[in-house]
Amino acid sequence: MPRPNKTVEKRRELLPVVARAFAELGFRRTTTAELARRCGVRENILYRLWPDKKAMFIAAIGYVYDQSVAIWARLLARQEQATAAERLLAYESQHHGEFGHYRIVFAGLNETDDPDIRAALADMYRRFQRFVEEQIAAHRAQRGRHAAPAAHTAAWAVVGLGTVANIARELELVSDAERSHLFSTVGRLLLEGYAPGS
């Protein structure tokens, strides 16, 4: 039986702490010294796990997606009358952005001149869009709806809705209840779409 890779295990252990630091401080203000302090290790340990701060940040971007999908997978595993898309929408209406991981994404958007960070963000957004598109398409098929906009387009709009909800949270533009209502109402419109010709 192969031995577990200790480097992979240590990365997995420290990544939530690294991500939290980037969420709080952004990319530029986060130093490897601060990351090491928060992780309770020496800097050279971090450099054994990741080649540089940028690699740590890119790992944090991946963590944003992985954490969301882990939560969603638990929701999707439950057997309920609501479709998977309806369960996800209900959950996100209440919980979207509560961990502050969107701040990692926002920090990354300030670094898109770096091709590696740009590629990591693009990949993350594409993965979110594909996941949401699959849920919308499955929901519409299960409900027998042939709606517009197409699931592909509606999924991008849902991703945009999440971004707007995060901006509203960060800038305190709307209350938690208003943000929840925005997400559930507009999300439902995008999920259901409208019948062509109506």
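Is Glu111 buried or exposed? Glu111 is buried, with a relative accessible area of 9%. The legends below treat this residue and several other parts of the chain in turn, beginning with an overview.

**Figure 1. Overview of the predicted model, an assembly of nine helices and zero strands.** From the N terminus on, the elements run α-α-α-α-α-α-α-α-α. Along the principal axes, the C-alpha atoms fill a box of roughly 60 × 50 × 30 Å. The chain has 198 residues, of which 44% count as buried. Its accessible surface comes to about 11,300 Å², and carbon and sulfur atoms contribute 55% of that area. Among contacts with a separation of 6 or more, 67% are between residues 24 or more positions apart. The structure holds 16 salt bridges, some of which are shown in the close-up views that follow.

**Figure 2. The salt bridge between Glu111 and Arg28.** The two side chains meet at 2.7 Å, N to O. Glu111 lies in the loop between helix H6 (102–109) and H7, whereas Arg28 belongs to helix H1 (residues 6–29), so the pair ties together parts that are 83 residues apart in sequence. The partners have opposite surroundings: Glu111 is buried at 9% relative accessible area, while Arg28 counts as exposed at 61% relative accessibility.

**Figure 3. The salt bridge between Arg38 and Glu34 in helix H2.** The closest N and O atoms of Arg38 and Glu34 are 2.7 Å apart. Because the two residues stand four residues apart in helix H2 (residues 32–39), about one helical turn separates them. An α-helix has 3.6 residues a turn, so residues three or four places apart point the same way. Arg38 is partly exposed, with a relative accessible area of 26%. Glu34, at 19% relative accessibility, counts as buried, since the cut-off for that class is under 20%.

**Figure 4. The salt bridge between Glu192 and Arg188, and the network around it.** The side chains of Glu192 and Arg188 meet at 2.7 Å, N to O. Both residues lie in helix H9 (residues 176–192), where they are four residues apart, about one turn of the helix. Glu192 counts as buried at 18% relative accessibility, and Arg188 is partly exposed with a relative accessible area of 31%. The pair also belongs to a network of salt bridges that links Glu86, Arg143, Arg145, Arg188 and Glu192. One member of this network, Glu86, is among the buried residues of H5, the helix shown in the next view.

**Figure 5. Helix H5, a mostly covered element.** H5 has 12 residues and reaches 16 Å from its first C-alpha to its last, close to the 16 Å expected at 1.5 Å a residue. Nine of the 12 residues are buried: Ala84, Ala85, Glu86, Arg87, Leu88, Leu89, Tyr91, Glu92 and Ser93. The cover over these buried residues includes helix H4 (53–77), H7 and H9. After H5 comes Gly97, whose phi is positive, near 80 degrees.

**Figure 6. Glu92, a buried residue without a salt bridge.** Glu92 is found in helix H5 (residues 84–95). The nearest side chain of opposite charge is that of Arg169, which is 8.2 Å away; a salt bridge requires the nitrogen and oxygen atoms to be within 4 Å. The side chain of Glu92 does, however, make a polar contact with the side chain of Trp72, at 2.7 Å. When neighbours within four places in sequence are left aside, Glu92 is in contact with Trp72 and Phe183.

**Figure 7. Helix H7 and its two ends.** H7 (residues 115–143) has 29 residues. From its first C-alpha to its last it reaches 42 Å, close to the 42 Å expected at 1.5 Å a residue. The N-terminal end of H7 is capped by Asp114, which places a side-chain oxygen 2.8 Å from the backbone nitrogen of Asp116. At the other end, H7 is followed by Gly144, whose phi is positive, near 70 degrees. H7 is also among the elements that cover the buried residues of H5.

Notes. Residues numbered from 1 in each chain as written. Heavy atoms only, no water. Buried < 20%, exposed > 50% of the residue type's maximum accessible area, 1.4 Å probe, protein only. Lys, Arg positive; Asp, Glu negative; His and termini not counted. Polar contact = N/O pair within 3.5 Å; in protein donor to acceptor, adjacent residues only side chain to side chain. Contact = heavy atoms within 4.5 Å. Expected span 1.5 Å × (residues − 1). Areas by Shrake-Rupley, 256 points an atom, 1.4 Å probe, with all protein chains shown as cover.
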